[in-house]
Amino acid sequence: MEAPIYTVAQNVGPSVSPSGNVGPRQEVISLPIAPTVRSKLLACGFRTTAELETLGPIDLSKGARSASELYSIQKNAKKVVSFCADLDRILGGGVQPGHVTEFCGVPGVGKTQLCIQLAVDVQIPPTFGDTEGSFMVERAHDIATAAVKHINNIASKKPHLDAEGAGLSK
């Protein structure tokens with residue numbers, strides 16, 4: 001099976017490969033490669049294929065992180081706790097912001113309630129007290145109460161909605 005032939009729109013002059021072949025020098029931005037690979041090459045400062053031709057694997061790995069370093073970053077990342085000790089333990093301390101966590105289950109098991117709980121929990125300052133000391137439980141209660149009143153108000157104007165059935169009280 002032959003390798004596919006790509007045509008490249010941007011040629012920026014001749015280049016000599018390590019084998020001595022002369023060919024067009026191409027801009028990295030125009031190479032038919034995955035966008036993530038292209039952005040990583042550009043972020044490392046590579047602009048043309050001529051800059052890549054003489055490099056080996058170690059040279060190309062500049063800016064890469066080791067598995068140990070990535071593990072350490074992941075392990076020490078802040079987590080949003082669900083306040084369900086068993087679930088938080090299974091999730092390695094909670095749900096990590098910026099990552100996708102999928103919750104699956106049969107209807108009625110509580111997936112939506114869990115997501116609502118996490119949406120509230122993510123607002124709680126780390127260690128239940130932000131570094132400025134300005135978090136006030138009373139204000140959080142006032143905001144939550146106002147949100148419930150707002151939902152009840154919307155539900156009362158739309159008879160097909162039942163705020164009480166959704167677990168909201170007046």
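Helices, in runs of at least four residues, and strands, in runs of at least two, are taken from DSSP and numbered from the N terminus. The model shown in these figures is predicted.

**Figure 1. Overall arrangement of the protein chain in the predicted model.** Counted from the N terminus, the elements follow the order β-β-α-α-α-α-α-α-α, which amounts to seven helices and two strands. The protein chain has 170 residues, of which 15% are buried. The area exposed by the protein chain is about 13,200 Å², and carbon and sulfur atoms supply 60% of it. Of the contacts between residues at least 6 apart in sequence, 22% connect residues at least 24 apart.

**Figure 2. The largest nonpolar core, with Leu41 among its members.** Five residues form this core: Val28, Leu31, Leu41, Phe46 and Leu52. Apart from its neighbours within four places in sequence, Leu41 makes contact with Val28, Ile33, Phe46 and Leu52. In soluble globular proteins, nonpolar side chains tend to be buried together.

**Figure 3. The salt bridge of helix H5, between Arg89 and Asp86.** The structure contains one salt bridge. In this salt bridge the side chains of Arg89 and Asp86 meet at 3.9 Å, N to O. Helix H5 spans residues 85–90, and because Arg89 and Asp86 are three residues apart within H5, about one helical turn separates them. An α-helix has 3.6 residues a turn, so residues three or four places apart point the same way. Arg89 and Asp86 are both exposed.

**Figure 4. Asp88, a buried acidic residue without a salt bridge.** Asp88 belongs to helix H5. Asp88 is buried but takes part in no salt bridge. The nearest side chain of opposite charge is that of Lys79, at 9.7 Å; a salt bridge would require a nitrogen-to-oxygen distance within 4 Å. With residues up to four places away in sequence set aside, Asp88 touches Val81, Ser82, Phe83, Gly93 and Gly94.

**Figure 5. Phe83, a residue with a positive phi in the loop between helices H4 and H5.** Helix H4 comprises residues 67–76, and Phe83 lies in the loop that runs between H4 and H5. The phi of Phe83 is near 65 degrees, a positive value in a residue other than glycine. Most residues other than glycine have a negative phi. The relative accessibility of Phe83 is 58%, so Phe83 counts as exposed. Phe83 is one of the residues touched by Asp88.

**Figure 6. The buried side and the opposite face of helix H6.** Helix H6 extends over residues 111–121, and its residues Leu114, Leu118 and Asp121 are buried. These three residues lie on the same side of H6, because the arc they cover around the axis is only 60 degrees. Thr112 and Gln113 are exposed residues on the face of H6 turned away from the buried side. The cover over the buried residues of H6 includes H5.

**Figure 7. Phe103 in the loop between helices H5 and H6.** Phe103 is positioned in the loop that links H5 and H6. Its relative accessible area is 24%, so Phe103 is classed as partly exposed; a buried residue would have under 20%. Residues up to four places away in sequence excluded, Phe103 touches Leu91, Val95, Lys111, Leu114, Cys115 and Leu118. Among these contacts, Leu114 and Leu118 are also buried residues of H6. Phe103 and Leu114 are 11 residues apart along the chain, and their C-alpha atoms are separated by 8.9 Å.

**Figure 8. Gln74 of helix H4 and its contacts.** Gln74 is located in helix H4. With a relative accessibility of 40%, Gln74 counts as partly exposed. Leaving out residues up to four places away in sequence, Gln74 touches Lys79, Gln96 and His99. Gln74 and Gln96 are 22 residues apart along the chain, with 8.7 Å between their C-alpha atoms. Lys79, touched by Gln74, also has the side chain of opposite charge nearest to Asp88.

Terms used. Residues numbered from 1 in each chain as written. Predicted model: local features only at pLDDT ≥ 70, side-chain atom pairs only at ≥ 80, totals over all residues. Heavy atoms only, no water. Core = buried A, V, L, I, M, F, W, Y, C linked by side-chain atoms within 4.5 Å. Buried < 20%, exposed > 50% of the residue type's maximum accessible area, 1.4 Å probe, protein only. Contact = heavy atoms within 4.5 Å. Areas by Shrake-Rupley, 256 points an atom, 1.4 Å probe, with all protein chains shown as cover. Arc of directions from axis to C-beta.
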